[in-house]
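Visitor: Could you teach me how to read a protein structure, one feature at a time?
Guide: Gladly, let us open it and look together.

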Amino acid sequence: MFHSFFPQPKLFFTSLVVWTAVCIAIWYTVGVDAGIALGFSPLPEGQEPPIDLRFFLTPDNLWFYIFFVVCTLAFGAFWKIKARHHPWTNWSIWGSALIIFSTYFGVQVYVAINNWRRPFGDLLQNALTGKPGITDENFYSLMLIFCQIAFLSMFVSILTDFFVSHYVFRWRTAMNDFYMSKWEKVRHIEGASQRVQEDTMRFANILEGLGVSLINAVMTLIAFLPILFALSSYVSTLPIFGAVPHALFWLALLWSIFGTGLLAIVGIKLPGLQFRNQRVEAAYRKELVYGEDHADRAQPITVQELFANVRRNYFRMYFHYLYFNVARYFYVQADSLFVTFMLVPTIVAGKITYGIYQQILTAFGQVSNSFQYLVNSWTTIIELLSIHKRLRAFEAAIEDEPLPSIDQRFMERQGNEQVPIEED
């Protein structure tokens, strides 16, 4: 799944994590000072960042773009030389870097919109309370700024989605070419044709969403955590807990850990059930296909037994999804009121304006959603894990290893044919 597209994937991703950690350490230790020495000074302390398109061209943002490009070129050049014979390095290395950067830029758009929310919220509050001196032009000018940011966001998102679609299809092509080159080793695996055609397609499509979402979650944390730390200065007291330093950050972290742990525990059985569901569906479909060409196949008793397996597995899934969805929707509904509940003492004390309240809601939502990546993507991750289990059988057959245990339990030999059987 990975070595067909990425060069030496275990070493590649390990080195990527290490290099990313090194670059982050450099940025937060000497990176900012180096930027100042080169003339890319950050905004003076206490000065609000621009709320229009100039935000993307502030000296500190420009310096970060340069820093990112230099780090990417160093990493990419190393792997381009090391894996010069790998056919997909241009897409897997440089394509991945472009996706990461465009995702980061998309997060910066959210930061710009969050900066815009304070003046607009305060203007709205002042207008609703009847303060003098507020004109129509004040609102229209801020709305025009929002439109400029929104159009830039649309342009970047459309181009990113277009490129990611091609990137993912190249990944599917790499998997398809690799598996077909080993067809003689894998053709005996039950549902081999489905795994090459359908599972690789679904694997690529799911990774398109999950991969970009994961990158977006990481970039959002990098961009919004400092904002959340700064906004915590307005929140001195919490219900139940009292005074907590950097309260908003700790609330986002603990609430997200709670949700992730809750859904991981209640959904632990779902990946295996999804995998078994694919197997019994494949067995039922395969018998019907044989029945199209052979009169002695797809007999009523056989088909009835295979469909009974399908029904039994679906009923199991319905039961386990029942309590999983109870926990999931409970958490989602509680999440919609959690931050406002925690801000009640601050709101009653009049320590924040409506604009600051909007900034806190947005920043807290961005950070908590990033921490809740598993919560938001859990059902999709379950489907990906089930597909991964099916493709692992290909990996085992190609490398002359024993099939995964679940494949062995599902198989019994009948001549040269492999027939799936029911598992308790």
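The talk below goes through cores, contacts, a salt bridge, cysteines and a surface patch.

Guide: Before we start, keep in mind that this is a predicted model.

Visitor: Thanks, I will. How many residues does the largest nonpolar core have, and which of them have the most contacts inside it?
Guide: A nonpolar core is a set of buried nonpolar residues joined through their side chains. Here the largest one has 54 residues, and F224 and I360 have the most contacts inside it. At least two residues of this core come from each of α1, α2, α3, α4, α6, α7, α9 and α10. The largest share is that of α3, with ten residues.

Visitor: And which residues lie in another core, apart from that one?
Guide: That other core has 28 residues, including F12, M175, Y179 and F203.

Visitor: Let me zoom in on one residue. What does I360 touch, leaving out residues up to four places away in sequence?
Guide: With those sequence neighbours set aside, I360 touches L231, V235, L248, L343, I352 and G365. Try selecting these residues in the viewer.

Visitor: Is S370 buried or exposed?
Guide: The general idea is to look at relative accessible area, where under 20% means buried. S370 has 9%, so it counts as buried. You will find S370 in helix α10. Not counting residues up to four places away in sequence, S370 touches A217, T220 and L221.

Visitor: How far apart are the C-alpha atoms of S370 and V218?
Guide: They are separated by 6.9 Å, although S370 and V218 are 152 residues apart along the chain. For another pair, take A264 and F324: 60 residues apart in sequence, with 9.5 Å from C-alpha to C-alpha. A264 belongs to helix α7, and with a relative accessible area of 31%, A264 is partly exposed.

Visitor: Now charges. Which side chains meet in a salt bridge?
Guide: To find one, look for a side-chain nitrogen of Lys or Arg within 4 Å of a carboxyl oxygen of Asp or Glu. The count here is one salt bridge. It joins the side chains of D52 and R54, with 3.0 Å from N to O. D52 counts as buried, at 17% relative accessibility, whereas R54 is exposed, at 56%.

Visitor: What about cysteines: how many disulfides are there?
Guide: A disulfide is a covalent bond between the sulfur atoms of two cysteines. In this model the count is zero. C23 is in no disulfide, and the nearest cysteine sulfur, that of C71, is 3.3 Å away.

Visitor: Why does the sulfur of C71 not form a bond with that in C23?
Guide: The rule asks for two sulfur atoms within 2.5 Å. The closest cysteine sulfur to that of C71 is in C23, and 3.3 Å is too far for a bond. C23 is buried, with a relative accessible area of 9%, and C71 counts as buried too, at 13%.

Visitor: Let us finish on the outside. Which residues make a nonpolar surface patch?
Guide: For a patch, look for nonpolar side chains that have over 30% relative accessible area and lie within 5 Å of one another. V18, W19, V22, I26 and V30 make one of about 380 Å². One of these, V22, lies in helix α1. At 34% relative accessibility, V22 counts as partly exposed.

Methods
Residues are numbered from 1 along each chain as its sequence is written. This is a predicted model: local features need pLDDT of at least 70, side-chain atom pairs count only at pLDDT 80 or more; totals for chains, interfaces and linings use all residues. Side-chain values use heavy atoms; hydrogens and water are left out. A nonpolar core is a set of buried Ala, Val, Leu, Ile, Met, Phe, Trp, Tyr and Cys residues joined through side-chain atoms within 4.5 Å. Buried means under 20% relative accessible area, exposed over 50%, partly exposed in between (1.4 Å probe, protein chains only). Helices (H or I, at least four residues) and strands (E, at least two) are DSSP runs, numbered from the N terminus. Contact means heavy atoms within 4.5 Å. Patches are made of residues with over 30% relative accessible area and no salt bridge: like charges are joined within 9 Å, nonpolar side chains (Val, Leu, Ile, Met, Phe, Trp, Tyr) within 5 Å. Accessible areas come from the Shrake-Rupley method with a 1.4 Å probe; for residues, only the protein chains shown count as cover.
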